[in-house]
Amino acid sequence: MKAFVILLFSTAAFGFQSPAEHTASDPVPLTALIEETQQKNPDIQAAIHEYRAANNGVKGAGALPDTQLMLQHLSVGSPRPFAGYTNSDFAYIGIGASQQLPWPGKRALRSEVAGLDAESARAQSAVVSRTVIEQLKVAYFKLAYLQQTLDVLLRDDKLLGEMEQIAESRYRVGKGNQAEVLKAQLQHTRILQEITMHHREVGQAQAQLKQVLGRAQGSTDIVTEPLRERALPNSADLLEGVRQHNPAVAFRQQLAKRSDKQVELARKEFRPDFGLEYMYQNTDRKFRDYYMLTLTVTLPNRSRRQAELATAAEHQQTATSELSAEIQRRLAEVQSQYVAAQTSGEQLKIYREGLIPQAEATYRAALAAYQANRQDFETLLSSFRDLLDFEEQYQKELSEHESALARLESLAGVDLP
């Protein structure tokens, strides 16, 4: 049985050799990964290029319509080219140009609407960036939790090895029984099983991190820095940050401003547009040339313009309502995550100052009592398991606390120290 356990431990250690090797390398700070993500993540890059495309269209939206060049030919007496050109002053070859001139103010409004479209795209790119960075942080904290929990498992496995040696020594001198040795070996096998499960979860977390970073899946695994508990900021500051810095709220604000300008432009569209055309007509040299200037006025169809104005007004109301709903939704999310982070911080304090020290003291006392033959092995094993569980739960709670802070950073649009 002991040989079987040793074989299992060797297999698990070999299976976990890759992460063990990586822990020997230097940990990668989260700030370095954030910078790498901003530069290489394909979703962030796509959003940036979308904004640049929208920004490049601002000048074009306010430009004049395309100028038209014209070439005319009028023949007299026959459809043949140049018929009557030398004997009639009506035949001519004409060269001219025409230009549409929108009512004053329309071009500026169209440019402003396009500019707000570009600002909306910029705000949307910020939403994408914040979302991706949040995913990176959560995955990083989960990986850190798994890597630190592995250290806890390996350390406690050594403690279990000490317990197993004591149980074997007591069994050899007739003070214990074989069941105690078998229970210690069973607990040892359970820890090996947990190590194997952590190996799988670490691989999944590595895959998620590399996806966010835009790295090849076959690249070197990432080693995280040890997790540390960050201070929870003031709730009022976070709620105010939603209104001022939240990228999703900023996106809705730009859409609301855009809808306001669209209503203003729809009203301006009731004004007529103009057209200016100039033509030079050349006849034979013995006849005088012609010069023609034409001014056209395009009268808007009022029914169509009224329908467009009504549509723009409804879109304005929609954008205003969606902005209000977005603010309320983000404020509720901040409050929810704040409560989660606050509760998690209290839990961490209980683990750090109460449960873990008490469990460790209980385990040490139970171990000493068992060695002195004053306590049964089941009680010792139970105290050991409590210590292991509390240490694992502490690391998991720490990861969840930092993940809640990462979501608060994304919601408030700030970076917490």
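# Close-up views of a predicted model

**Figure 1. The lining of the largest pocket draws on three helices.** Helix H3 (30–40), H5 and helix H10 (377–412) each supply at least two residues of the lining of the largest pocket. The model shown here, as in every view that follows, is predicted. The volume of the largest pocket is about 430 Å³. Its lining consists of 21 residues, and those closest to the pocket centre are Leu 30, Thr 31, Ile 34, Phe 141 and Arg 230. H5 makes the greatest contribution to this lining, with 6 residues.

**Figure 2. The largest cavity is lined by residues that include contributions from H5 and H10.** The structure holds 1 cavity of 30 Å³ or more, and the volume of the largest cavity is about 30 Å³. Its lining is made up of Arg 130, Ile 133, Glu 134, Lys 137, Ala 406, Glu 409 and Ser 410. At least two of the lining residues come from H5, and at least two from H10. H5 provides the largest share, 4 residues. The principle behind such a search is simple: a probe the size of a water molecule, rolled over the atoms, shows where empty space is left.

**Figure 3. Ser 120 is a buried residue of helix H5.** Helix H5 spans residues 106–172, and Ser 120 has its place within that helix. The relative accessible area of Ser 120 is 5%, so this residue counts as buried, the limit being under 20%. When neighbours within four places in sequence are set aside, the residues in contact with Ser 120 are Phe 251, Gln 254 and Leu 255.

**Figure 4. Four strands form an open antiparallel sheet.** The 4 strands follow the order S1-S2-S3-S4, and their pairing is antiparallel. S1 and strand S4 (290–298) occupy the edges; each has a single partner strand, so one side of each is left without a neighbour in the sheet. From one strand to the next, the twist averages 20°.

**Figure 5. Strand S2 pairs with S1 and with S3.** Strand S1 (residues 68–74) and strand S2 (residues 92–101) run antiparallel and are joined by 7 bridges. Within this pairing, His 73 stands opposite Ile 93 of S2. Strand S3 (residues 273–282) also pairs with S2 in the antiparallel sense, here over 9 bridges. Two positions illustrate the pairing with S3: Ser 98 has Glu 277 as its bridge partner, and Ile 95 stands opposite Tyr 280. As a general rule, side chains in a regular strand alternate between the two faces of the sheet.

**Figure 6. Tyr 280 and Tyr 291 form a tilted aromatic pair.** A search of the whole structure finds 6 aromatic pairs. In the pair of Tyr 280 and Tyr 291, the ring centres are 5.4 Å apart and the planes meet at 40°, an arrangement classed as tilted. Tyr 280 belongs to strand S3 and Tyr 291 to strand S4, so the pair ties together parts that are 11 residues apart in sequence. Tyr 280 is partly exposed, at 26% relative accessible area, whereas Tyr 291 is exposed, at 55%.

**Figure 7. Tyr 140 and Phe 141 form an edge-to-face pair.** Among the 6 aromatic pairs of the structure is that of Tyr 140 and Phe 141, with 6.2 Å centre to centre and 75° between the planes. Both Tyr 140 and Phe 141 are buried. Phe 141 also appears in the first view, as one of the residues closest to the centre of the largest pocket.

**Figure 8. The loop between S1 and S2 contains Ser 75 and Phe 82.** Ser 75 is partly exposed, with 22% relative accessible area. Residues up to four places away in sequence not being counted, Ser 75 touches Arg 80, Phe 82, Ala 83 and Ala 91. A distance of 9.0 Å separates the C-alpha atoms of Ser 75 and Ser 88, which are 13 residues apart along the chain. Phe 82 has a relative accessibility of 49% and therefore counts as partly exposed, since exposed requires over 50%. Most residues other than glycine have a negative phi. Phe 82, although not a glycine, has a positive phi of about 65°.

Notes
Residues are numbered from 1 along each chain as its sequence is written. This is a predicted model: local features need pLDDT of at least 70, side-chain atom pairs count only at pLDDT 80 or more; totals for chains, interfaces and linings use all residues. Side-chain values use heavy atoms; hydrogens and water are left out. Two strands pair if DSSP finds at least two bridges between them. Buried means under 20% relative accessible area, exposed over 50%, partly exposed in between (1.4 Å probe, protein chains only). Contact means heavy atoms within 4.5 Å. Axes are lines fitted to C-alpha atoms, for helices over the stretch in contact, and angles run from 0 to 180 degrees between N-to-C directions. Rings of Phe, Tyr and Trp (its six-membered ring) pair if their centres lie within 6.5 Å; planes under 30 degrees apart count as stacked, over 60 as edge-to-face and the rest as tilted. On a 1 Å grid over the protein atoms alone, a cavity is a set of points where a 1.4 Å probe fits but cannot get out, and a pocket is an open set with protein on both sides within 12 Å along at least five of seven lines; lining residues have an atom within 4 Å of a point. Grid points are joined across faces, edges and corners, and a volume is the space filled by probe spheres set on the points.
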